Every structure is written in C-alpha cells, then in structure tokens.
Amino acid sequence: MFGVVPKTLWQKRTPPNELNQILLGENTVVVRTGAAVVVIETGIGNKQPAKMREIFQNKEQLMGSPAAAGVSVEEVTHVVNTHLHFDHCGWNTTLHADGSVTPTFPNAKYFAAAGELAHGRLQLERDRVSYLAPNYDPVIASGQMTLIDLDGVSGFTPDDARLRGKEDLPPVKIQTSAEILPGVWVEEFPGHTASMLAVHVESEGAHACYCGDLIPTHNHVDPTWVMGYDLDPLRCIEERKRFLKRAIVEDWLVMFPHDHAMPAARLAWNDKGKPVVKE
C-alpha cells in the first residue's frame with residue numbers, strides 16, 4: 001500500500017500486524033439527491049476464489065450496509081465506479097448459490113470509464129488479476145452499463161464490449177459528458193490506472209469528492225507516498241498535486257476509498273507546506 005516508502009516510516013502512521021498486514025476499508029458512499037439514489041463504489045464483492053479470500057480477509061458486509069442505512073438495492077438509481085479493479089466494483093454484481101451472477105442493483109444505471117473496460121479486456125500480465133469480468137460483464141449484458149469517455153479519443157466504440165471473446169454481449173452505451181446527474185459529476189485523475197475517475201458531489205455551495213485510489217487513505221496525502229499498485233506512480237504524484245491544490249483551497253470534503261479509521265476529511269497545508277488532515 002505504500003510502494004517504495006520504507007516500512008520504518010509508514011508503520012508510524014498505520015502499524016501492521018505480525019503478518020505485515022494493515023486494516024483497510026472498502027468505503028461505499030450513498031448520495032441522495034431527492035429523486036435519485038447514487039452509490040459510489042461497490043467494494044470487493046463475493047466472487048473471489050478461496051485463495052483471494054484468504055489473502056484479503058474481506059468480510060462481504062456491503063449488502064447489509066444499505067439496509068442498515070435505510071437504503072434498498074431496488075431504489076438505487078445510479079452506480080459509479082472510479083475504476084474497475086475488483087475491490088472497487090465487486091458488488092456491482094452478486095454471485096448466487098446456483099452459480100449465476102446478476103446485477104446487484106436491478107434498477108440502476110452503472111457508470112465506469114471507457115478506458116477501464118478497454119484496459120481490463122487486454123488482461124495484461126501486470127494487472128489482469130485486478131480485472132474480473134463477472135464484476136461488470138453481467139451489467140453490460142443487462143444493458144445497464146454506460147461507459148464514460150471524457151476526451152472522446154480513447155478509440156473505444158460501442159461494439160468493443162463484444163470483442164476479445166465477448167461476442168455474446170450487446171453494444172455498450174458511450175457518454176462523453178462528465179455529468180452523472182445534476183450535482184454529481186466525474187473527472188479523470190490518471191496514475192493509479194490510466195482512466196481512473198474521481199466523483200464530485202456538490203450541494204448548496206458544499207463540495208465533496210470521492211477521490212478513488214488517487215489517495216486511498218488519509219495516510220497517503222503526501223503526494224510522494226504512492227502505492228505499489230499504481231501503474232504510473234510519477235503521473236500519480238502529479239495528479240495528486242493537482243487534486244490537492246483545489247481540494248485544500250476550495251475546502252472539499254475528501255472521501256477516501258480504503259480508510260477504515262477516517263473515511264472522509266478536509267485537508268490543509270501545514271507550516272512546512274505539506275498537505276495534512278485539517279484539525
């Protein structure tokens with residue numbers, strides 16, 4: 001989680017256990033806009049093989065959380081994935097006892113970056129373990145998925161969803177607008193992946209941003225503390241700097257995807273000019 005940062009430094013912020021593991025969250029955000037119910041990120045899901053469950057020790061608790069918060073899966077109207085790594089879109093779909101996999105939110109429109117699906121289809125050695133088609137192919141098959149292509153130059157076309165052994169899938173919808181619905185919109189912050197999205201939420205002058213794995217926890221606000229999982233760590237550093245300048249000046253509530261202890265915080269510059277959690 002801390003890449004090349006020495007353990008002697010990062011363990012001061014988050015002490016590991018005897019297996020060198022740290023506790024992480026799988027933080028999902030629900031936004032109510034009146035007519036719409038938006039779910040940002042869907043966690044790790046229930047489709048991991050036994051070896052992955054043993055490694056990650058995921059609790060598969062998300063399906064109980066909406067009910068506890070008074071949200072039914074049927075009333076969710078929009079689902080937004082910052083990217084398509086298995087730990088961010090796992091509950092897009094649900095594995096049932098009979099082996100079938102269906103969309104978890106039956107009445108929702110799903111949104112992800114076009115470049116994410118295109119990259120996931122490549123199944124490259126570096127990160128193919130992170131892209132599990134059962135997390136998103138059933139949503140494409142149901143017609144619920146819209147792919148966001150903000151610059152319109154990714155080369156991804158509606159028919160590409162059927163390529164690379166996916167000829168049975170229907171064409172997928174492409175959107176070039178950043179807006180999910182009024183007050184909720186996305187922005188690309190490449191680095192962790194080439195097409196990762198952050199999700200902005202604005203209401204009555206307040207601004208929150210779910211930053212995806214650009215800044216996975218509050219212990220990663222230092223721009224240089226990037227992860228070993230980041231495909232382009234140098235780009236990630238520059239994108240963090242761009243993000244932090246705006247988030248601090250405009251006093252955004254920054255929502256972290258993997259912070260169990262502090263899922264959201266406002267940030268500030270300290271007396272040395274470094275970003276820190278605002279007191």
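In this predicted model, aspartate 251 pairs with arginine 266 in a salt bridge whose closest N and O atoms sit 3.5 Å apart. Aspartate 251 is found in the loop between helix 7 and strand 13 (253-255), while arginine 266 is in the loop between strand 14 (264-265) and strand 15 (267-269), so the contact ties together parts that are 15 residues apart in sequence. Both ends get a bit of daylight: aspartate 251 is partly exposed, at 30% relative accessible area, and arginine 266 is partly exposed too, at 34%.

Next up is a bridge between the side chains of glutamate 187 and arginine 246, at 2.7 Å from N to O. This one links distant parts of the chain, with glutamate 187 in strand 10 (residues 184-188) and arginine 246 in helix 7 (residues 233-249), 59 residues apart. Glutamate 187 has a relative accessible area of 12%, and because buried means under 20%, this residue counts as buried. Arginine 246, on the other hand, comes out as partly exposed at 25%. These two don't work as an isolated couple, either: salt bridges with shared partners join Glu187, Arg235, Glu239, Arg242 and Arg246 into one network.

Then there is arginine 121, which forms a salt bridge with aspartate 137, their closest N and O atoms being 2.8 Å apart. Here, too, distant parts of the chain are linked: arginine 121 belongs to helix 5 (residues 114-122) and aspartate 137 to helix 6 (residues 137-141), 16 residues apart. Both arginine 121 and aspartate 137 are buried. Taken over the whole model, the count comes to nine salt bridges.

Conventions:
Residues numbered from 1 in each chain as written. Predicted model: local features only at pLDDT ≥ 70, side-chain atom pairs only at ≥ 80, totals over all residues. Heavy atoms only, no water. Salt bridge = Lys/Arg side-chain N within 4 Å of Asp/Glu carboxyl O. Helix = DSSP H or I, 4+ residues; strand = E, 2+ residues; numbered from the N terminus. Buried < 20%, exposed > 50% of the residue type's maximum accessible area, 1.4 Å probe, protein only.
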